[in-house]
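Welcome! Have the sequence and the 3D view ready, and take your time turning the picture around as you read.

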Amino acid sequence: MAEHVENSDPKGESLMEKIYDKFHGDDSSLSSESDTETKKPVVKSEVEAEPETLKNKVWRLFGREKTVHKVFGGGKPADVFLWRNKKISGTVLGGATAIWVLFELLEYHLLTLICHILIITLAVLFLWSNATTFINKKPPHIPEVYLPEGPILQVASALRIEINRAVDLLREIASGRELKKFLAVIAGLWILSIVGSWCNFLTLFYISFVLLHTIPVLYEKYEDKVDPLAEKAMHEIKKQYAVFDAKVLSKIPRGPLKDKKKD
């Protein structure tokens, strides 16, 4: 009898161990599944976060965060400057080139050109309108042309805002508070005066117009190669400016600071 009891105990223990292992195995599988489920979003978020950090680390020219197309406004002018429509961009650039050749190379004067165009246009329309009575045809339809008030007011308002900003900037520089801006404006005006001595205003305007139609589209195409070179150049300029500031600019007496003005 005792032997039977002793033999039955191992069976009971083995049965309890199987039940325990079964529940323990289910718990471990559930915990492993929960661990994998918790790990998957972390890995995914880490993978998604890596490109964002890389994008944030990319240095762009002038510290811009927008695309070149959005920097130019993202509208039709941007499409023209970036050659989104090659026919329109080519027509605009060809028209500007024709005007420059006409006035600069052929030495045609603006007032003379306008008068000659008006003379020819009025003469053709006048003769055509009178000739229709003899040939029994309808007279030419001359559309009514008028300038809308809205766009002109918008342009005038935009020019007024920009002129006020320029006047405020010049006033702030003249007061002796912004040394960096003072040096930048002086350097820019000096370079502009040198360029102005080489060519007249029309040629300078044409060169600027051509550069607007070439440099942005080339930069947009090769920006991944240009930005690293520009970054190195900017670091070198900042180093040289820091040396110049420590040796020269810091020793120049300055006007009243902005903080004192606010107080």
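The report below goes from the whole chain to its helix contacts, salt bridges and a few single residues.

This is a predicted model, in which local features need pLDDT of at least 70 and side-chain atom pairs count only at pLDDT 80 or more, while totals for chains, interfaces and linings use all residues. Residues are numbered from 1 along each chain as its sequence is written, and side-chain values use heavy atoms, with hydrogens and water left out.

**The whole chain**

Let us begin with the overall build. The protein chain has 11 helices and zero strands. Here helices (H or I, at least four residues) and strands (E, at least two) are DSSP runs, numbered from the N terminus. Of the 263 residues in the protein chain, 12% count as buried. Buried means a relative accessible area under 20%, exposed means over 50%, and partly exposed lies in between, using a 1.4 Å probe and protein chains only.

Contacts tell us how the chain meets itself; a contact means heavy atoms within 4.5 Å. Among contacts in the protein chain with a separation of 6 or more, 58% are between residues 24 or more positions apart.

**Helix α4 and helix α8**

Now find helix α4, residues 86-105, and helix α8, residues 201-212. Their axes come within 11 Å and cross at roughly 165°. That makes α4 roughly antiparallel to α8. Axes are lines fitted to C-alpha atoms, for helices over the stretch in contact, and angles run from 0 to 180 degrees between N-to-C directions. Angles under 35 degrees count as roughly parallel, over 145 as roughly antiparallel, 65 to 115 as roughly perpendicular and the rest as oblique.

The crossing of α4 and α8 is left-handed. The word left-handed applies if the near helix is turned anticlockwise from the far one by less than a right angle, and right-handed if clockwise.

Which residues of α4 meet α8? They are V92, L93, A96, T97, W100, F103 and E104, and their partners in α8 are L202, T203, Y206, F209 and V210. The residues of this contact divide into nine nonpolar, two polar and one charged. For this sorting, Ala, Val, Leu, Ile, Met, Phe, Trp, Tyr, Cys and Pro count as nonpolar, Asp, Glu, Lys and Arg as charged, and the others, Gly among them, as polar.

Helix α4 also holds S89. Is S89 buried or exposed? S89 has a relative accessible area of 1%, so it is buried. Leaving aside residues up to four places away in sequence, S89 touches D79, V80, W83 and H213.

**Helix α6 and helix α7**

A second pair to look for is α6, residues 149-174, with helix α7, residues 179-198. These two pack at an angle of about 115°, with their axes 9 Å apart. They are therefore roughly perpendicular to each other. The crossing of α6 with α7 is left-handed. In α6, L169, E172 and I173 meet K181, F182 and V185 in α7. The residues of this contact divide into four nonpolar, no polar and two charged.

**Salt bridges**

Side chains of opposite charge can pair when their charged atoms come close. A salt bridge is a side-chain nitrogen of Lys or Arg within 4 Å of a carboxyl oxygen of Asp or Glu. The structure holds two salt bridges, set out in this table.

| Side chains | N to O distance |
|---|---|
| R84 and E220 | 2.9 Å |
| E162 and R165 | 3.6 Å |

The R84 and E220 pair links distant parts of the chain, 136 residues apart: R84 is in the loop between α3 (76-81) and α4, and E220 is in helix α9 (residues 215-221). R84 is partly exposed because its relative accessibility is 45%. E220 is partly exposed too, with a relative accessible area of 24%.

E162 and R165, by contrast, both lie in α6, three residues apart, about one turn of the helix. At 44%, E162 is partly exposed, whereas R165 counts as exposed at 54%.

**Two residues with positive phi**

Finally, look at two loops. W83 is in the loop between α3 and α4. W83 is not a glycine, and its phi is positive, near 55°. With a relative accessible area of 26%, W83 is partly exposed.

E107 sits in the loop between α4 and α5 (110-135). E107 has a positive phi of about 55° although it is not a glycine. At 61% relative accessibility, E107 counts as exposed.
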